[in-house]
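Thanks for passing this one along for a second look. Here are a few points to read alongside the picture.

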Amino acid sequence: MGLKTLVIGASLNEDRYSNMAVKLLTNYHHEVVAYGLKSGTISGVSVDTALINYENIDTVTMYVNPERQKEFYNYIINLKPRRVIFNPGTENDEFQLLLTKEGIQFEEACTLVLLRTNQFEK
């Protein structure tokens with residue numbers, strides 16, 4: 001199994017990038033957990049509607065806008081991931097400053113591109 005990744009903002013809508021990310025992460029053999037507004041499954045991954053204290057999260061990939069991210073700040077910091085990926089449109093200077101203070105790496109990148117160009121595991 002690859003890196004355990006939490007997708008925040010996972011959508012059951014197949015046209016959404018978060019949905020594509022869950023699918024591509026599983027295709028690349030990463031362990032995936034997902035949080036979204038509606039419960040269901042994406043490629044066998046359950047989308048949780050409650051914030052669960054997952055263990056051993058390496059990467060959190062964001063698919064919610066900066067204003068909505070505020071409710072996740074403490075949750076994500078307490079998970080102690082190695083890094084947070086801010087996908088296009090989710091960039092957030094305020095949250096990035098908090099992550100830096102906690103020693104959590106972040107990058108502004110597209111999870112789909114990172115996977116397809118073999119840069120995700122770096």
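**Notes on the fold and two buried residues**

1. Read from the start of the sequence, the elements come in the order β-α-β-β-β-β-α-α-β-α-β-α. The radius of gyration is 13 Å, close to the 14 Å that the globule rule gives for 122 residues, so the protein is as compact as a globular protein of that length. Please keep in mind that this is a predicted model.

2. If you like to tally elements, there are five helices and seven strands. Along the principal axes, the C-alpha atoms fill a box of roughly 35 × 30 × 25 Å.

3. How much of the protein is buried? Of its 122 residues, 48% count as buried. The exposed surface comes to about 6600 Å², and carbon and sulfur atoms supply 46% of that area.

4. The chain also makes contacts between distant parts of its sequence. Among contacts with a separation of 6 or more, 55% are between residues 24 or more positions apart.

5. On charge, you will find 12 positive and 15 negative side chains. The centres of these two sets lie 2 Å apart.

6. Now to a residue you may want to click on: R83, which sits in strand β6, spanning residues 83-86. Is R83 buried or exposed? Its relative accessible area is 1%, under the 20% cut-off, so R83 counts as buried.

7. What does the R83 side chain pair with? It makes a polar contact of 2.9 Å with the side chain of T59. Setting aside residues up to four places away in sequence, R83 touches D58, T59 and V60, along with L3. Its other contacts in that set are I104, Q105, E107, F120, E121 and K122.

8. A little further along is N87, in the loop between β6 and α4, the latter covering residues 93-101. Despite its place in a loop, N87 is buried, because its relative accessibility is 2%.

9. Which residues surround N87? Beyond its neighbours within four places in sequence, N87 is in contact with T61, M62 and Y63, and also with A109, C110 and T111. With Y63 there is a polar contact between the two side chains, at 3.3 Å.

10. One last pair to look at is N87 and E108. They are 21 residues apart in sequence, while their C-alpha atoms are 6.0 Å apart in space.

Terms used:
Residues are numbered from 1 along each chain as its sequence is written. This is a predicted model: local features need pLDDT of at least 70, side-chain atom pairs count only at pLDDT 80 or more; totals for chains, interfaces and linings use all residues. Side-chain values use heavy atoms; hydrogens and water are left out. Helices (H or I, at least four residues) and strands (E, at least two) are DSSP runs, numbered from the N terminus. Buried means under 20% relative accessible area, exposed over 50%, partly exposed in between (1.4 Å probe, protein chains only). A polar contact is a pair of N or O atoms within 3.5 Å; within protein, one must be able to donate a hydrogen and the other to accept it, and residues adjacent in sequence count only if both atoms are side-chain atoms. Contact means heavy atoms within 4.5 Å. The radius of gyration is taken over C-alpha atoms; the globule rule is 2.2 Å times the number of residues to the power 0.38. Accessible areas come from the Shrake-Rupley method with a 1.4 Å probe; for residues, only the protein chains shown count as cover. Lys and Arg count as positive and Asp and Glu as negative; His and the chain ends are not counted. The place of a charge is taken as NZ of Lys, CZ of Arg, CG of Asp or CD of Glu.
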